[in-house]
Amino acid sequence: MRDEYDLIVVGGGPAGYVAALRAAQLGASVVLAERDVLGGTCLNRGCIPTKSYLQTAEAIQSAREWASRGLILDSPPRLDMKKALACKNQAVRRLTAGVKALLESRKVDIVRGNAVLVGSGRVEVEGSGILRAPSVILAGGSVSTRLPIPGADSPRVLLSEDILALDRVPGSLVVIGGGVIGVEIAQILSAFGSVVTIVELENRLLPTMEEDLSKAMAAALKKRGIIVHLGVSVRSIDDSGAGLALLLSDGTRVEAELALLSVGRRPDLSCLGDSGVAVERGCVVVDDFMATSLPGVFAPGDLNGRRMLAHAAFEMGEAAAHSALGHPRRAELDLVPSVVYGSPEAASVGLTEAEARTRCENVSIGLFPFAANGRALCSGDSEGFVKVLVDPRFGELLGVHIVGACASELINEAAILMRMEVTAFEIAEVAHAHPTRSEAFMEAVAAALGRCVHLPARG
Amino acid sequence: MATKVIMPKAGMAMEEGVLVAWLKKVGDPVKSGEAIAEIETDKAIMDLEAELDGILIAIVRQAGEHVAVTQTIAWIGKAGESVPEALSSAAVPATEGSAHKRAQSEAVIVAPGSDGRLAATPAARRLASEAGMELASIPARAGNPINADDVRRHVRSDATPLASRMAQASGLDPASLARGDGSRARSADAAAAIANAAQASPSRPTSSYQPPTGLPREDRRLSFSAIQRITGERLSRSHAEIPSVSIFTVADATELLAARERINAARGLTSNLKVSLNDLVVRACAKALLANPRANAVVDGDGLILKGGIHIGLAVATDAGLQVPTLRDADRLSLPEQALRSKDLAERARARRLRPDELEGGTFTISNIGMYGITSFTPIINQPQVGILGVGAIEDRLVLGADGQPVQRKMLHLSFTFDHRAMDGVESAAFLVSVKGLIEAALILVL
């Protein structure tokens, strides 16, 4: 370790570690400060742990369908939550160790401890003194938001990181906030055996996504026994009884053993110190190159609140590394896909239909249901659809929205083609392997052009 | 079983036709041999006749559409019969989902014909097929069939497909978007180029220039008719390929015009058909061709074919463009017969009622714009012919008579434009002098 580097990175999450790796690749000497475990929220408390649990949840769900395929299970599957937890923790450990190995292989020094910007080019790390570098990348990430609901400070009202550390399955759970995190955890615990209720303030689940996806997701969750309350807020939480009693704004009372508060995340500004970096509405102000108001200080990832997604943080981290080393690069966030995991999955890239209609005079819509897709039917899971929005002037793909199994994988093809500005005319001509779920995307594009052969003729 | 009606191949060179008008409606009974539609080939408008008795049960291509030969344009069947579904392939843009009914009418991205075929030139079809591209993937310029240039531009584009389409829709060449660094131009580059072009466009005055008020004169775009397109292509090719030379002379037509008056006066007793000066020039030309066979020839690769018959193309201006019907065996017709046929051909050319075979087989062409006072011009040779006679105006001139006194003569301007590969200067002069001599020896023409 030295005390003068080309670049200091604060935070070892997706934005920070990617920025450090890219900067090292570009030849810079880099030091990364992390107060906890490398990998950030994504690896430790978010994307990765939930995916481990979702795999378990899917296995439980598919076991319920085995009988219809002629597979006879002598007794229904039971969950050993301690093993599920250990399995999840092992995946997390392997990945965080992988991040550490990557950083070491690129000769990035790692410093443990709380790090705070104390001025341009200077970062103080608790227990390690002051680090100096011409450029600083702040990737402080975000924390779960708490709401000022009376009773929300009860120890039985958990945040997402708490619920992922449970070693038992609660008998019942109220999920406050039907966004991405709430919907994923609701699905996991419902499959694990909890009675789950979702309470969402907006009049639909996943309020930032395409409305049709919200509807399809709500229907799918209800089918799986999850109770959904839309357009209501939580007035108060009473934990004086054996379980929690929640009073909703429409007067409904909901009782549950535990509650999850998943109403969103906010930037963790603790790494800013008194440096005077400009902040607006709780988010660090950055330009497209990730530069903050202080020269030489950059802030990719959740800290700037632009897109709180790990893969958006990767993109912003790379852009910040380039910009910090004097090769300014814009973070391209227009075509960053967003995904909700579970069964079904929901995935989007580009504009929603409402956004598209404000931007374009005409929008041509192609819809292809998985019920008409051979692969989906054979898998027994033909829920959902692919919806594409096309600007009829030039065939530009404006947005793609998928709900159904494998949506998270299918969306990437759409993102690539949109980024390359390949139009609907070309996409409709690309042979897709048969039978695959990917065909549904191509068919939806063809439908938007009015030439889908695998849908009945209309009008 | 319903029978399809196709766009006929009405001539060897015909690759597509335009449906001018339907003469029958769906549900109308039709008889074999009865005209059901008007179609325009590259040369003429003709009636399309039903080949069987029945009911016109479906019209699949609409008036105004360009249709490749042999493509289905309608169906004839029995009352109550419908078009075999698999074959009607009506490509109505269908969008899915009841919530998106509104999108249905908006889904027209390209304008396929109702059988799904796009308007495209045969060359475009061939190129696209060679490049393994679907026509529908090629951006056309608004309102035009996809042509070969559209295909070529799209194949070697340095722009993303979206940028390429945006540029072409605004009439910009996608190649012009190319970035200096060799990377592909994107939609933002296209949008910037379109904005620049719009600023630079003379049709949008800058703020410093105020157009005169009360005179709204906007640019208008006229599409070439099928005839004009084909004619244009041929003229360009001829102009580019042939080393042409033009020679000029004036013929004393005083006697000929006097003879014409006497002929017409005499004929007027029995017929209303008058002999025109042009008829007499055509006649002189036909006889001169007989004596100068190299002028009555067609270029055939590395040689010439001296044609056995003398079939003279008569250039006729029509509303739809230049038409050149053929006066067959012009040297063998009697003068009245020749005049009658010429008048008939010219009239039907103007009404676009010529048969395709009446537009083929010419061995020489005559173009006459003398009636507009034009003295001389150099028409373009009608390939593969080797020459064209340009007939100009008649001028009154004073010339010295036999007695040394000035006399008034009517002098006819003539030009002869020829393919120098097929004829040299002396040969061409001999031919034009023959024409001049025959005109001046007026009575020879009626022999």
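Here are three short exercises on helix 1 of chain A, in a predicted model.

Residues count from 1 along each chain as its sequence is written, and chains are lettered from A in the order in which they are written. Local features need pLDDT of at least 70, side-chain atom pairs count only at pLDDT 80 or more, and totals for chains, interfaces and linings use all residues.

**Exercise 1.** Work out whether the length of helix 1 of chain A agrees with its expected span.

*Solution.* Take 1.5 Å times one less than the number of residues. For the 12 residues of helix 1 of chain A that should give 16 Å, and the end C-alpha atoms are 16 Å apart, so the two agree.

**Exercise 2.** Is helix 1 of chain A largely enclosed or not, and what covers its buried residues?

*Solution.* Start with burial (20 or more other C-beta atoms within 10 Å of a residue's own, C-beta atoms being placed from the backbone). 11 of the 12 residues pass, so helix 1 of chain A is largely enclosed by the rest of the structure. Among them are A:Tyr17, A:Leu21 and A:Arg22. Next, the cover: it includes strand 1 (7–10), helix 4 (81–105) and helix 8 of chain A.

**Exercise 3.** Describe how helix 1 (residues 14–25) packs on helix 8 (residues 310–324) of chain A.

*Solution.* First, geometry: the axes (lines fitted to C-alpha atoms over the stretch in contact) are 7 Å apart, at about 40 degrees. That makes the pair oblique (neither under 35, over 145, nor 65 to 115 degrees). Then, the residues: A:Val18 and A:Ala19 are among those of helix 1 of chain A that meet helix 8 of chain A, whose side includes A:Phe314 and A:Met316 (contact: C-beta atoms, placed from the backbone, within 7 Å).

Methods:
Axes fitted to C-alpha atoms, helices over the stretch in contact; angles between N-to-C directions. Helix = DSSP H or I, 4+ residues; strand = E, 2+ residues; numbered from the N terminus. Contact = placed C-beta atoms within 7 Å.
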